[in-house]
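The following exercises concern ring geometry, solvent exposure and cysteine pairing. Each task is followed by a solution in steps.

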Amino acid sequence: MDARAVPEWVGKTPDTAAPPRVRLRVFDAKGGRCHRCSRKITAGEGWTLEHVVALINGGANREGNLDVTCRWCLPEKNAEDVAQKSKSYRVRK
């Protein structure tokens with residue numbers, strides 16, 4: 001049986017949150033593993049649907065730019081995103 005083709009979700013604005021159906025679809029597609037440490041996220045554990053290329057660094061608010069990040073890796077990912085934004089700003093300046 002062929003899987004039903006589902007169009008990629010694209011946020012109407014950069015602030016549009018991904019709906020629960022998209023969160024679940026990305027979680028399932030990624031095998032429930034953190035994209036940074038590859039650890040399997042267990043039931044009841046906190047995780048975030050994260051933009052691989054952060055919005056502040058020019059990433060798109062679309063399903064193809066989303067991935068699963070565990071709660072332990074999230075602070076490091078956010079710090080790296082801000083550092084990249086600062087570096088880009090300094091280079092442009």
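**Exercise 1.** Determine whether Trp-47 is buried, partly exposed or exposed, and describe what surrounds its ring.

*Solution.* Step 1: the relative accessible area of Trp-47 is 23%. Buried means under 20%, exposed over 50%, and partly exposed in between, with a 1.4 Å probe and protein chains only. Trp-47 is therefore partly exposed. The structure is a predicted model, in which local features need pLDDT of at least 70 and side-chain atom pairs count only at pLDDT 80 or more, while totals for chains, interfaces and linings use all residues. Residues are numbered from 1 along each chain as its sequence is written, and side-chain values use heavy atoms, with hydrogens and water left out.

Step 2: rings of Phe, Tyr and Trp (its six-membered ring) pair if their centres lie within 6.5 Å; planes under 30 degrees apart are stacked, over 60 edge-to-face, and the rest tilted. This rule yields 1 aromatic pair. Its members are Phe-27 and Trp-47, with 4.8 Å from centre to centre and 40° between the planes, a tilted arrangement. The pair links distant parts of the chain, 20 residues apart: Phe-27 belongs to helix α1 (residues 20–29) and Trp-47 to strand β1 (residues 47–51). Helices (H or I, at least four residues) and strands (E, at least two) are DSSP runs, numbered from the N terminus.

Step 3: Phe-27 is buried, at a relative accessible area of 17%.

Step 4: a charge sits over a ring if NZ of Lys or CZ of Arg is within 6 Å of the ring centre and within 35 degrees of the ring normal. The charged end of Arg-23 sits over the ring of Trp-47, at 4.2 Å from its centre.

**Exercise 2.** Establish how many disulfides the structure contains.

*Solution.* Step 1: a disulfide is a pair of cysteine sulfur atoms within 2.5 Å. The search of the whole structure returns 0 disulfides.

Step 2: Cys-37 is in no disulfide, its nearest cysteine sulfur being that of Cys-73, 3.7 Å away. Cys-70 is likewise in no disulfide; for Cys-70 the nearest cysteine sulfur is that of Cys-73, at 3.6 Å.

Step 3: Cys-37 is partly exposed at 36% relative accessible area, whereas Cys-70 is buried at 0%.

**Exercise 3.** State where Glu-50 lies and which residues it touches.

*Solution.* Step 1: Glu-50 is in strand β1, and is buried, with a relative accessible area of 8%.

Step 2: contact means heavy atoms within 4.5 Å. Not counting residues up to four places away in sequence, Glu-50 touches residues including Asn-65, Asp-67, Lys-77 and Asp-81.
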